[in-house]
Amino acid sequence: METVTLARNAMATRFELVLHGENAPRLRAAGEEALAEVDRLEARLSLYRPSSEIARVNTNAARQSVRVSPPVFALLRQAQQLHRETGGVFDIAIAPLVRCWGFMDAGRRVPDADEIAAARACSGLHHVLLEEADYTVRFDQEGVMLDLGAIGKGFAIDRAAEILREDGVTSALLHGGTSTVYGLGAPPDGEAWKVAITEAPEAPPICAAVFLRDSALSVSAVWARSFAAGGKQYGHVIDPRAGHPVNKSVLSAIGLPSATETDALSTALLVAGLDGYEAIAQLRPGTRALVLAGSEENFRMLSQGIALAAW
Ligand code: AMP
Ligand code: MG
């Protein structure tokens, strides 16, 4: 049994693959092909690349309909569907608020009420029209902006897993920035891939252990990208209803077969928090879900299919 590991910096994070099989050169070739697809998707989806389809939409869609490729259109449709299904807490048109709170550049800070109001006025998928007939995107006003930061990595992981499967790989673990993980088949020495969810990056004790076999797990956390001001922690996931970073829940996780869905729904669950947990956890049959809220002294947790565990 051979093991091949490959890594690539993409989508502002690090993608890693571990592949097991009999033929190392073939594993490596399959892995390289999967990572090339991640690169291609970044080139299409990143709002930070002026030539990407999403950047072209952001620049032009307030003035004219912008045509996108069929896979990008399908992903936007899926994001719109997830927006509806999550009662609006998952929203790829949140970008003006993400920028307002300084998460698009180095200027992280607490904006004043007027800035938040202005950003809210152009945030939200209700400003975005997707035209099925000709695969075009149109905004209903200036200032609207799309950000696939909460779903793009999952989509890339799904595509990468699909390519590995097509190339005959039967045992692999893939992740994008450790926040979305996919277990393809099983590891050589077990029934499923064992993945840990930790409470904070530098801090075992382990929060939970999850077993993945042809399924995905995504984790969203306030600490993943955040800043402190006035004794408060402000994270990069924004509650579209409030226009503020999520502050009640600190960590969420979702397990399902599709990494695109786990990525989007873990972000949604962080926003939904304890109050909205039930609605998100019941959206798909067989969903594994965890949400952790509160602070050091007083944590509260809701979960299904994910048990707290020591490693
Ligand atoms: P994730 O790490 O998958 O939870 O995604 C977080 C990223 O998604 C943030 O850095 C923003 O770019 C974007 N984002 C923030 N809030 C939301 C939201 N409510 N819905 C969708 N995307 C969001
Ligand atoms: Mg996400």
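## A tour of strands, helices and loops

Start by selecting residues 171–176, strand β6, together with β7: the two run antiparallel and are joined by 6 bridges. Keep in mind as you look around that this is a predicted model.

**Stop 1: β7 and its partners**

Now colour β7 by itself, residues 180–185. How many of its residues are buried? The count is 6 of 6, so this strand is mostly covered. To see the pairing with β6 up close, show A172, which stands opposite L184 of β7. Then follow the chain through the hairpin of β6 and β7, where 3 residues lie between the strands. Pick out G177 in this hairpin; its phi is positive, near 60°.

Next, add strand β10, residues 215–221, to your selection. β7 pairs with β10 as well, in the antiparallel sense, and 4 bridges link them. For a landmark here, show V181 and its bridge partner in β10, L217. As background, strands of a sheet pair through backbone hydrogen bonds, either parallel or antiparallel.

**Stop 2: an open sheet**

Move on to β3, β5 and β4, which in that order form an open sheet of 3 strands with antiparallel pairing. Which strands stand at the edges? They are β3 (66–67) and β4 (128–131); each has a single partner strand, so one side of each is left without a neighbour in the sheet. Zoom in on β3 and β5 (residues 136–139), which are paired by 2 bridges. Show R67 here, and you will find T136 as its bridge partner in β5.

**Stop 3: two helices**

With the sheet still on screen, select residues 70–85, helix α3. This helix lies across β4 and β5, and runs at about 130° to β4. Now bring in helix α7, residues 259–281, which packs with α3. Two packed helices are described by the angle between their axes and the distance between the axes. For α3 and α7 the angle is about 45° and the axes are 11 Å apart. That makes α3 oblique to α7, and their crossing is right-handed.

Turn on side chains to see who meets whom: from α3 come L75, Q78 and L82, and from α7 come T260, E261, A264 and L265. By type, the residues of this contact divide into 4 nonpolar, 2 polar and 1 charged.

**Stop 4: L35 in helix α1**

Jump to helix α1, residues 24–45, and find L35 there. Is L35 buried or exposed? Its relative accessible area is 1%, and buried means under 20%, so L35 is buried. Leaving aside neighbours within four places in sequence, L35 is in contact with L6, A7, R8, F15 and L17. Then pick A161: it is 126 residues from L35 along the chain, and their C-alpha atoms are separated by 10 Å.

**Stop 5: two loop residues**

Most residues other than glycine have a negative phi, and most peptide bonds are trans. With that in mind, select M11, in the loop between β1 (2–10) and β2 (13–21). M11 is not a glycine, yet its phi is positive, about 50°. With 16% relative accessibility, M11 counts as buried.

Finish at D214, found in the loop between β9 (203–212) and β10. Its phi is also a positive value, near 50°, in a residue other than glycine. D214 counts as partly exposed, at 36% relative accessibility.

How values were computed: Residues are numbered from 1 along each chain as its sequence is written. Chains are lettered from A and ligands numbered from 1 in the order in which they are written. This is a predicted model: local features need pLDDT of at least 70, side-chain atom pairs count only at pLDDT 80 or more; totals for chains, interfaces and linings use all residues. Side-chain values use heavy atoms; hydrogens and water are left out. Buried means under 20% relative accessible area, exposed over 50%, partly exposed in between (1.4 Å probe, protein chains only). Two strands pair if DSSP finds at least two bridges between them. Contact means heavy atoms within 4.5 Å. Axes are lines fitted to C-alpha atoms, for helices over the stretch in contact, and angles run from 0 to 180 degrees between N-to-C directions. Angles under 35 degrees count as roughly parallel, over 145 as roughly antiparallel, 65 to 115 as roughly perpendicular and the rest as oblique. A crossing is left-handed if the near helix is turned anticlockwise from the far one by less than a right angle, and right-handed if clockwise. Ala, Val, Leu, Ile, Met, Phe, Trp, Tyr, Cys and Pro count as nonpolar, Asp, Glu, Lys and Arg as charged, and the others, Gly among them, as polar.
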